[in-house]
Amino acid sequence: MEEVAAVRRASLAAVEDVEPERLRERIAARLDDASLSPGVLTLVSASAARERAVDPADGHADHAAGVQLIYEGLRLTRQLARDDPWTAGDRDDADLDILIADILVSRGFYLLARTEAAEAAVEVVRAFGHDQTVQQTTGESLDANLEADICELAAVTGVAAGGAAPTASLREYAAALADDGLPTSARLVGDDVLDALTTRIHPDQPPGDAEAAADH
């Protein structure tokens, strides 16, 4: 689907200057295997805000890639914290992976730095760090918070890029999309999600009009 391809292209473009080549290829392989739902939700949210399908070439794909890269970096960090490969794995691979995680998050921040979603991106990373600390000290599992937070960030980023203000209702709906983990890209590009986002951004719009608006 078009949104997935646009997010993948923009995400790879954001890391194309990473050296050495082996590191860049490893990052590219990770992105190729990743769920691109965070980036797709960003694009769908922008379409809902503008009440028409957005052109990823208008900068929206870069915003989507920013959200995607932050998620991938934090997800990799979470995996490393859980598996602790420095204790029972390949230490060299682990060192490389933590470097990759840092690169992904920093490139994601770079793409969102001059957007209205920059502060929201900082809050996601802060919340992630807090959750990881709580887990390590109490054993309480808070892993699912990352997916909820990143879906909320995707919606906020897309809506802001579309020229609208993210409402509390929108934030709640976006976070709830991750109740069972990340939603699939196929679900996100469906009419139900677009309608739900649109009615939370533009509460005066009759349900069902989002599909017609997105076609124009």
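Helices here are DSSP runs of H or I at least four residues long, numbered from the N terminus. With that in hand, we can walk through this predicted model.

**Overall build**

The protein chain has 12 helices and 0 strands, so the pattern along the sequence reads α-α-α-α-α-α-α-α-α-α-α-α. For 216 residues, a compact globule would have a radius of gyration near 17 Å, and the protein chain agrees because its own value is 17 Å. Along the principal axes, the C-alpha atoms fill a box of roughly 55 × 40 × 30 Å. Buried residues account for 49% of the 216 residues. Among contacts in the protein chain with a separation of 6 or more, 72% are between residues 24 or more positions apart.

**The nonpolar cores**

The largest nonpolar core has 43 residues, and the members that touch the most other members are Leu-41, Leu-74, Ile-150, Leu-153, Leu-197 and Ile-201. At least two residues of this core come from each of helix 1 (2–14), helix 3 (37–50), helix 4 (60–83), helix 6 (91–112), helix 7 (118–138), helix 8 (144–161), helix 9 (168–176) and helix 11 (191–201). Helix 8 gives the largest share, 9 residues. To see what such a core member meets, take Leu-74: beyond residues up to four places away in sequence, Leu-74 touches Val-105, Val-124, Val-125, Phe-128 and Leu-146. There is also a second, separate core of 18 residues, which includes Ala-10, Val-15, Ile-27 and Ala-65.

**A cavity lined by parts of helices 7 and 8**

Rolling a probe the size of a water molecule over the atoms shows where empty space is left. Searching the whole structure for cavities of 30 Å³ or more turns up 1, and the largest cavity has a volume of about 50 Å³. Which residues line the largest cavity? The lining consists of Arg-78, Val-124, Ala-127, Phe-128, Asp-131, Gln-132, Gln-135, Leu-142, Asp-143, Asn-145, Leu-146 and Asp-149. By class, that makes 5 nonpolar, 3 polar and 4 charged residues. Helix 7 and helix 8 each supply at least two residues of the lining, with the largest share, 6 residues, coming from helix 7. Some lining residues also appear among the neighbours of Leu-74: Val-124, Phe-128 and Leu-146.

**Gln-68 and Val-7, two buried neighbours**

Gln-68 is found in helix 4, and Val-7 lies in helix 1. Leaving aside neighbours within four places in sequence, Gln-68 is in contact with Val-7, Ser-11, Ala-34, Ser-35, Leu-36, Ser-37, Pro-38 and Gly-39. On the same basis, Val-7 is in contact with Leu-36, Gly-39, Val-40, Leu-43, Ala-64 and Gln-68. Both contact lists include Leu-36 and Gly-39. Buried means under 20% relative accessible area, so Gln-68, at 0%, counts as buried, and Val-7, also at 0%, does too.

How does Val-7 sit relative to a residue far along the chain, and what is its C-alpha separation from Pro-203? The two are 196 residues apart in sequence, and their C-alpha atoms are separated by 28 Å. Met-1, in the segment before helix 1, gives another long-range pair: Met-1 and Val-189 are 188 residues apart in sequence and 8.9 Å apart in space, C-alpha to C-alpha. Beyond residues up to four places away, Met-1 touches Ser-185, Ala-186 and Val-189.

**Backbone details in the loops**

Most residues other than glycine have a negative phi, and most peptide bonds are trans. Three places are worth a look with this in mind. A cis peptide bond, with omega about 0°, joins Glu-19 and Pro-20, and Pro-20 is in the loop between helix 1 and helix 2 (21–33). Glu-51, in the loop between helix 3 and helix 4, has a positive phi near 60°. Asp-84, in the loop between helix 4 and helix 5 (85–88), has a positive phi of about 45° although it is not a glycine.

The accessibility of the two loop residues can be set beside that of the two buried residues described above:

| Residue | Exposure | Relative accessible area |
|---|---|---|
| Val-7 | buried | 0% |
| Gln-68 | buried | 0% |
| Glu-51 | partly exposed | 30% |
| Asp-84 | partly exposed | 32% |

Notes: Residues numbered from 1 in each chain as written. Predicted model: local features only at pLDDT ≥ 70, side-chain atom pairs only at ≥ 80, totals over all residues. Heavy atoms only, no water. Core = buried A, V, L, I, M, F, W, Y, C linked by side-chain atoms within 4.5 Å. Buried < 20%, exposed > 50% of the residue type's maximum accessible area, 1.4 Å probe, protein only. Contact = heavy atoms within 4.5 Å. 1 Å grid on protein atoms, 1.4 Å probe; cavity = no way out; pocket = protein on both sides within 12 Å on 5 of 7 lines; lining within 4 Å. Points joined across faces, edges and corners; volume = space filled by probe spheres on them. Nonpolar A, V, L, I, M, F, W, Y, C, P; charged D, E, K, R; others polar. Rg over C-alpha atoms; globule rule 2.2 N^0.38 Å.
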